[in-house]
Each structure stands twice: as structure tokens, then as C-alpha cells.
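Me: I'd like to get better at reading a fold feature by feature. Could you walk me through one?

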Amino acid sequence: IWQAYSPFVTWAETAAEFLHAHGLPDRLRVFTNTVLGELYEEKGQRIDDAPLMNRREVYPSRLPDKIEVVTVGIDVQGNRFEAETIGWAADGENWSLSYDVLYGNTGQFDKRNQDDDEVYKQLYPLFEREWIREDGSILKVDAVGMDTGFHSDQVYDFIEVAGQLHRVFAMKGASSSLKGKLYDITRAKPRRLTLFMVDGDTAKNAVVERLVIEPGQRGRSEE
């Protein structure tokens, strides 16, 4: 059933949702499935590596004014953290600001005695970085997403400690499809920690779909 039958949603709200999704395939999929109550049909796309490499940019010393939010995503491996800092515009355009690899034993963290947790300590400077936009505004890291699929207990402990000073969120790849949703929110039981379950296939599709958007354009019209 599509949203127009609901007495709790106005036409203006539905139109606003469409404008928010228009031209962005990943948002349009959600709009079509949940608002229109129809099946979204994807068109096959193949991304060539040459045009993608041609999109590389040399950033100026200050960030573009379009950037409004800065996030850090951290992948956890046995002997290292790999962290990417990304600046986001309101329309989903994003800029990779840094990529850091921090080596150490990620299975070693004790929230009662953190003296030897060297690799975890190296994360804090990433959370505390500041960035300057072209207009002079100072941007700080707004949120951190941390993979909990490896050394889960140690990572959960760290998130509970770091979360007292920074907005650090637990994330994990979903073991089954979330049926079109990018993520679902649950609890990291038996803890009271919020856990974001991410559908890897949906996330990859969103990336591929956005790569067909030409630089400088918000999106493309569906034909």
C-alpha cells in the first residue's frame, strides 16, 4: 500500500520525500519501495575504472564549503585498524579526507587497565582532528563508526570507554539481507550498547549507483 492512503501523511510531506530522493538511486529505491509501495527495478550498470580514476582531485588546503559533516569509519583487523575520514555534503557528495593505518594488537584492550592498549590509544587523535573549510568554519569529527565483527568484546569495551567523550558507534555486517534497508538498529547483547547492522550488498549497490552520477551533478533523472 502506498503512502497516499495514510491519514497521517500529507501530500506536501510525500512531495518533500520525493524531492529528497530524486536523482539519487539509493534513496529513490527506498522511496519507491516504502512510499509508493512498488518494486524498484534496478538497471544494470558497469563502472569502468578509467573514468573513476579521472575523478581524482587535488584538494586545496581548506575543505569545500559544501562539507557539513565529518565522519570516521574504522575497519578492525587482527594486527591493525584501517580508518577513513570522510567529509559529507547534504546531497551525499563526499570527500575522502584521510586514510590511516594503525598497527598493533587489536585483541588487547582492558577498560579497567588501559596502560598497554597502545593501538587503541592511537585512535583518539583521529577523533579529535579539526578541519578548516574555505569559509573559515572549523569542522570537527561528528561521528565514528567502528567495525565490531572482529575482536568484538575488546572493541565493544573500547566503544563504551571512548563513547564517554566522542560519538562512537558500534557497527557490524548483517549476516542476512535487510530487504533493501541499508542498516538496522539493535543491541549488542548482553550489553546495552546500540549496534548498527549494515547490509553489505545494499551498501555496495549504493556506491555503484552513485558512481554513475557525473561530477558536479546532484543526480540523474530516471528514464
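Me: Let's start with strand 8 and strand 9. In what sense do they pair, and over how many bridges?

Reply: Keep in mind that this is a predicted model. Strand 8 (residues 183-188) runs antiparallel to strand 9 (residues 193-198), and the pairing covers 6 bridges. To fix the register, take Arg 187, which sits opposite Thr 194 in strand 9.

Me: What should I expect of side chains along a strand?

Reply: As a rule, side chains in a regular strand point to one face of the sheet and then the other, in alternation.

Me: And how many residues join strand 8 to strand 9?

Reply: The link is a hairpin of 4 residues. Pro 190 is in that loop, and the peptide bond between Lys 189 and Pro 190 is cis, with omega about 5°.

Me: Which residue has a positive phi without being a glycine?

Reply: Look at His 151, where phi is about 50°. His 151 belongs to the loop between strand 6 (143-147) and helix 6. It counts as partly exposed because its relative accessibility is 27%, and the partly exposed class lies between the 20% and 50% cut-offs.

Me: Moving into helix 6, is Asp 157 buried or exposed?

Reply: Asp 157, in helix 6 (residues 152-162), has a relative accessibility of 14%, so it counts as buried. Leaving out residues up to four places away in sequence, Asp 157 touches Phe 109, Lys 111 and Arg 191.

Me: Now helix 7. How does its reach compare with the span expected at 1.5 Å a residue?

Reply: Helix 7 (residues 200-211) has 12 residues and reaches 17 Å from first C-alpha to last, close to the expected 16 Å. At its start, a side-chain oxygen of Asp 199 comes to within 3.1 Å of the backbone nitrogen of Asp 201.

Me: Which residues of helix 7 are buried?

Reply: Thr 202, Ala 206 and Glu 209. They share one side of helix 7, because the arc they cover around the axis is only 70°. Turn to the other side and you find Asp 201, Lys 204 and Val 207 exposed.

Me: Let's zoom out. How many helices and strands does the chain have?

Reply: There are 7 helices and 9 strands. Of the 223 residues in the chain, 34% are buried. The chain exposes about 14100 Å², with 51% of that supplied by carbon and sulfur atoms. For contacts between residues at least 6 apart in sequence, 55% join residues at least 24 apart.

Methods:
Residues numbered from 1 in each chain as written. Predicted model: local features only at pLDDT ≥ 70, side-chain atom pairs only at ≥ 80, totals over all residues. Heavy atoms only, no water. Helix = DSSP H or I, 4+ residues; strand = E, 2+ residues; numbered from the N terminus. Expected span 1.5 Å × (residues − 1). Buried < 20%, exposed > 50% of the residue type's maximum accessible area, 1.4 Å probe, protein only. Arc of directions from axis to C-beta. Polar contact = N/O pair within 3.5 Å; in protein donor to acceptor, adjacent residues only side chain to side chain. Contact = heavy atoms within 4.5 Å. Areas by Shrake-Rupley, 256 points an atom, 1.4 Å probe, with all protein chains shown as cover. Pairing = 2+ DSSP bridges.
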